[in-house]
Amino acid sequence: MEPAVDDPGVPLETRLELFRLVLLQRLAEERVMALYRQGRISGSVYTGRGQEAVGAGAGLALGPEDVVAPLNRELACHLARGVTVAHVFRNFLGKATGPTRGRDGNMHFGVPEKNVFPLVSMLGDLVPLTVGAALAFKRRGEPRVALTFFGDGAMSTGDVHEGLGLAGVLDVPVVFVIQSNHYAYSTPTERQMRVTDIAARVEGGWGIPCARVDGTDAVAVYAAALLAVERARLGRGPQALVATTLRGHGHAAHDGATYVPEELRARYGDPVERLAARLRADGLGEDEVERRRHAAADEVAAALAEAEAAPAPDPATLEHGVWASPL
Ligand SMILES: Cc1ncc(C[n+]2csc(CCOP(=O)(O)OP(=O)(O)O)c2C)c(N)n1
């Protein structure tokens, strides 16, 4: 883990908003896991437990005109853009009024009016798309930035190589946030890449400046992401950030993560509790910290009740939105 960066320049108001975001992700995903175990969500679920600080910090560092492409582990990034918890639940529960109108029971959705790209896959596919958005901003002379995330496993895919290569030569305003969580599914990093220093790979391989940050520290992620976003906006070309984390669950709900040794787990703190401790050190009283936990729990409970009451899709609409070629 990287040492904590105690950035006194991040205002208390922003720290409190980060706390709200990581709490909401944590509590919403706990509900999602419970719903999955009750058989009320089909397929599987991929949560960001232990990695909440990364989506929250990077999401909050963007301006409203910027574009972001989050993956499954960055629910807090959606929330930072103003997407509601109820909207997320409506998708998981396959509701007609959800973002995919019941076609997906996961995080494969975008919110165009909030400049959030839809998740295609978590294996690097969003990298070339995000670079394309950044190229459009550059060609139109707009002061906007595009940001996406990918994991250490995704880093070994062709799309990531192509996307980073293109971003470098076109010198576009894009930020890559790499969630380095020691495993690609269950494969340890050292078994899928020989050079395991990801920042060194990004800088040496693609010529993109890459900061290192402790991915369990939301304030540090925010501060580093803000710097990267502003550099990109000022025309200094693509920027990257590697956030070191550990998944609190397996790759998906069905994966018990028994391959993660206890010694490794012991090296990582909980991002939610870490931020709570930091706020206490900032002078926030315990009762105020608790009040915020309760407020987040109430928001999640109300959002779930709202989503549960939403209508299911009409079976007659099954073929709507499906492209079919005439025989
Ligand atoms: C073409 C393809 N191969 C394999 C998979 C299964 N798969 C999904 S994500 C993943 C690894 C992702 O690793 P990483 O980017 O490090 O993310 P993490 O799960 O650690 O968060 C794998 C093997 C897939 N979805 N598609």
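**Packing, burial and backbone angles**

Modeller: Let's start with V177, in what is a predicted model. Leaving out residues up to four places away in sequence, V177 touches V54, A58, L147, F149, A225, L241 and A243.

Colleague: Thanks! What makes V177 stand out in the largest nonpolar core?

Modeller: That core has 95 residues, and V177 is among the four that touch the most other members, along with V22, V221 and L241. Helix α8, residues 218-233, gives the most to this core, with eleven residues.

Colleague: Why is T148 called buried?

Modeller: A residue is buried if 20 or more other C-beta atoms lie within 10 Å of its own. T148 has 28 of them, so T148 is buried. You will find T148 in strand β2, residues 146-151.

Colleague: Which residues does T148 touch, and how far is T148 from R194?

Modeller: Not counting residues up to four places away in sequence, T148 touches A69, L126, V127, T130 and F176. R194 is 46 residues from T148 in sequence, and their C-alpha atoms are 24 Å apart in space.

Colleague: How do you know that helix α2 is largely enclosed by the rest of the structure?

Modeller: Count the buried residues: nine of the nine in α2 (residues 52-60) are buried, so this helix is largely enclosed. They are E52, A53, V54, G55, A56, G57, A58, G59 and L60.

Colleague: What about the helix pairs? Why are α4 and α11 called oblique to each other?

Modeller: Helix α4 (residues 85-92) and helix α11 (residues 286-309) pack at about 45 degrees, with their axes 8 Å apart. Angles under 35 degrees count as roughly parallel and 65 to 115 as roughly perpendicular. The angle of about 45 degrees fits neither range, and α4 and α11 are therefore oblique. Their crossing is right-handed.

Colleague: Which residues make that contact, and how do they divide by class?

Modeller: From α4 come V85, A86, F89 and R90, and from α11 come E299, V300, A303, L304, E306 and A307. By class, seven are nonpolar, none is polar and three are charged.

Colleague: And what makes α1 and α4 roughly parallel?

Modeller: Helix α1, residues 12-37, packs with α4 at about 20 degrees, with the axes 11 Å apart. Angles under 35 degrees count as roughly parallel, and α1 and α4 are therefore placed in that class. The crossing of α1 and α4 is right-handed. L24, A28, V32 and L35 of α1 meet V85, V88 and F92 of α4. This contact has seven nonpolar residues, with no polar and no charged ones.

Colleague: One for the backbone: where does D171 lie, and what is its phi?

Modeller: D171 is in the loop between α6 (158-170) and β3 (174-180). Its phi is positive, about 55 degrees, although D171 is not a glycine. H182 also has a positive phi, near 75 degrees, and is not a glycine either. The loop that holds H182 runs between β3 and β4 (183-184).

Colleague: Why are D171 and H182 called partly exposed?

Modeller: Buried needs 20 or more neighbours, exposed needs 12 or fewer, and partly exposed is in between. D171 has 15 C-beta neighbours inside 10 Å, so D171 counts as partly exposed. H182 has 19 other C-beta atoms within 10 Å, so H182 is partly exposed too.

Technical notes
Residues are numbered from 1 along each chain as its sequence is written. This is a predicted model: local features need pLDDT of at least 70, side-chain atom pairs count only at pLDDT 80 or more; totals for chains, interfaces and linings use all residues. A nonpolar core is a set of buried Ala, Val, Leu, Ile, Met, Phe, Trp, Tyr and Cys residues joined through C-beta atoms within 7 Å. Helices (H or I, at least four residues) and strands (E, at least two) are DSSP runs, numbered from the N terminus. Two residues are in contact if their C-beta atoms, placed from the backbone, lie within 7 Å. Axes are lines fitted to C-alpha atoms, for helices over the stretch in contact, and angles run from 0 to 180 degrees between N-to-C directions. Angles under 35 degrees count as roughly parallel, over 145 as roughly antiparallel, 65 to 115 as roughly perpendicular and the rest as oblique. A crossing is left-handed if the near helix is turned anticlockwise from the far one by less than a right angle, and right-handed if clockwise. Ala, Val, Leu, Ile, Met, Phe, Trp, Tyr, Cys and Pro count as nonpolar, Asp, Glu, Lys and Arg as charged, and the others, Gly among them, as polar.
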